[in-house]
Amino acid sequence: LVYAVNYAYFTSRTVRAHVDPVELLVLDVFQLIRNGVVATKYAYFEEEDLASMRQRPPSWNWDRTDRQLLLGGGLSPKDYSGLLQTLVMDAMATADIDLRAVDVAIDEDGAAAVRDLVKATGGDAFAAPEGRTSAAAVLWCLLARHWSVGLAPKAVLFVVAEVLMILFLPAIERSALGGAPYGPPGLVRFVLVMYTVLLAFGPKTATPTLIFPMAAANDWHRRAKVLGCLGDVFDAPGLFAGDLVRPTEKTEGKVAPAAGTRIFLDPHDPKNVFAHAMMRPVLRRIALKIRLRCQAYLWIYFAGAIAALVVLNVLLWYPLSHRLLAAHLAALFAVLTGLSVVIIFVAAKTTNDITPIHRSRLQRERLAIEREISAGVDSTRAVTLEHARRLLKTLDENIAFEEVEREPASVLGVAASAGTIGSVLSLLLGGLLFAFEGYNSSRQNGWKYGEDGVFSKE
């Protein structure tokens, strides 16, 4: 249908007289962006998966594809049997760390709460034998509660508003100029109606395309949430076990932790500091493919925003004869795709903002240990505290290198921070202001928008 609409435009003078080429260009660009997203998705599939997809059923089925999609298993792995466990296992294998073999020191109530949560959330693969509590079990409790998070209602409303603006801006402008919203009857109306329908319901157009940035931002938000909870577990008085309960159909009626119980891993115990140091690199590698795919998606959207700004500036600076609708659509497309990139930068920044808080806590614990040692303790306790203090120092340095210098939460290849967010906004705003300056310059040379909405020279 997209090709049919384009064919009708290029073969009919009547259609070209009523339809601005930028309208169809928007439709084609959305299809190109969506095709780029789809190509990127399959680029991160394993070779054996791609080979299986080429075979007839039952070698492959839709469920196996949906488990690897950003809007499917990537958004809510709890809805796919065993998917979250697989993500954790893959992350441990990638980091070369088996958290099931790393024990933590925890009080009896906290250990019981962890065991109950593991049973209630189907994490039996991470349950340790009686008398032991593993770092894998603690991390699993955090992931089971916070990793499967649907899109926030405000994100959905934002996408709906974006789609509605793109759909109905052409009709509104035609009505404002005194014409029919969808042109005269016949082929022109067919083209304009199909333009709206394809943007709204086409499998490779506005609605699915604009929702991907929201899903990428959601991925960063849940990473920040789990990382924040991990830090709370190691900070007195600990994390409420009740906050990790997610009532679902699969967990109702199963064991739940006692009310008021806290999960606290004392950082003055060397065993817990070591567990903390092992859990962070595993957490960074959870759903690594999803994160890398989102990075590739963002380059596509960023390129789209820059291309729209270039088109807008060419129209107004060159200048070229065009309809007012063309400038409005180019500006709207640049703003929407640019804001999508900014939203993801803001979401990634929340992860980076947690890191200095955790480092501050580690340094505070080191000071507390030094004060306790200087106050006088028995030799055995002094050795334990000194070991914990050295591990805390090493962990702090490791976080500074791994999460601040080497691999911070990044978007478009740069660490997400207030400065980078400001740079993206400045680029977007600068492009729009430069286009406005081009419009003023062209007006001084006799170009203006006429009553029919066409930009031409007097």
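This passage describes the largest pocket, the nonpolar cores and the salt bridges of a predicted model.

The largest pocket holds about 560 Å³ of space. Its lining comprises 25 residues, and those nearest the pocket centre are Gln68, Leu83, Leu87, Asp90 and Lys289. Two elements, helix H6 (83-95) and helix H13 (288-317), each contribute two or more residues to this lining. The greatest contribution comes from H6, which supplies 6 residues. In terms of residue class, the lining of the largest pocket contains 11 nonpolar, 9 charged and 5 polar residues.

Nonpolar residues also form two separate cores. The largest nonpolar core has 114 residues, among which Leu99, Leu143, Ile263 and Met279 touch the most other members. With residues up to four places away in sequence set aside, Leu99 is in contact with Met92, Ser134, Ala135, Ala136, Leu139, Met278, Met279 and Val282. A second core, separate from the largest, consists of 9 residues, including Ala435, Trp447, Tyr449 and Phe455. In soluble globular proteins, nonpolar side chains tend to be buried together.

Leu432 belongs to helix H16 (residues 418-444). Its relative accessible area is 25%, so Leu432 is classed as partly exposed rather than buried, the limit for burial being under 20%. Beyond residues up to four places away in sequence, Leu432 touches Leu309, Leu312, Ala331 and Val335. The contact with Ala331 joins residues that are 101 positions apart in sequence, with a C-alpha to C-alpha separation of 7.3 Å.

The structure contains 25 salt bridges. One of them pairs Asp79 with Lys78, at an N to O distance of 3.1 Å; Lys78 is partly exposed, at 34% relative accessibility. Another is formed by Arg359 and Asp396, whose closest N and O atoms are 2.7 Å apart. This pair links distant parts of the chain, since Arg359 lies in helix H14 (residues 324-375) and Asp396 in helix H15 (residues 379-406), 37 residues apart. The two partners fall into separate accessibility classes: Arg359 is partly exposed, with a relative accessible area of 23%, whereas Asp396 is buried, at 5%.

A further salt bridge connects Arg406 and Glu402, with 2.9 Å between the closest N and O atoms. Both residues are located in helix H15, where they are 4 residues apart, about one turn of the helix. Glu402 counts as buried, at 15% relative accessibility. Arg406 and Glu402 also take part in a network of salt bridges that links them with Arg280, Arg284, Arg291, Glu403 and Glu407.

Definitions and conventions
Residues numbered from 1 in each chain as written. Predicted model: local features only at pLDDT ≥ 70, side-chain atom pairs only at ≥ 80, totals over all residues. Heavy atoms only, no water. 1 Å grid on protein atoms, 1.4 Å probe; cavity = no way out; pocket = protein on both sides within 12 Å on 5 of 7 lines; lining within 4 Å. Points joined across faces, edges and corners; volume = space filled by probe spheres on them. Nonpolar A, V, L, I, M, F, W, Y, C, P; charged D, E, K, R; others polar. Core = buried A, V, L, I, M, F, W, Y, C linked by side-chain atoms within 4.5 Å. Buried < 20%, exposed > 50% of the residue type's maximum accessible area, 1.4 Å probe, protein only. Contact = heavy atoms within 4.5 Å. Salt bridge = Lys/Arg side-chain N within 4 Å of Asp/Glu carboxyl O.
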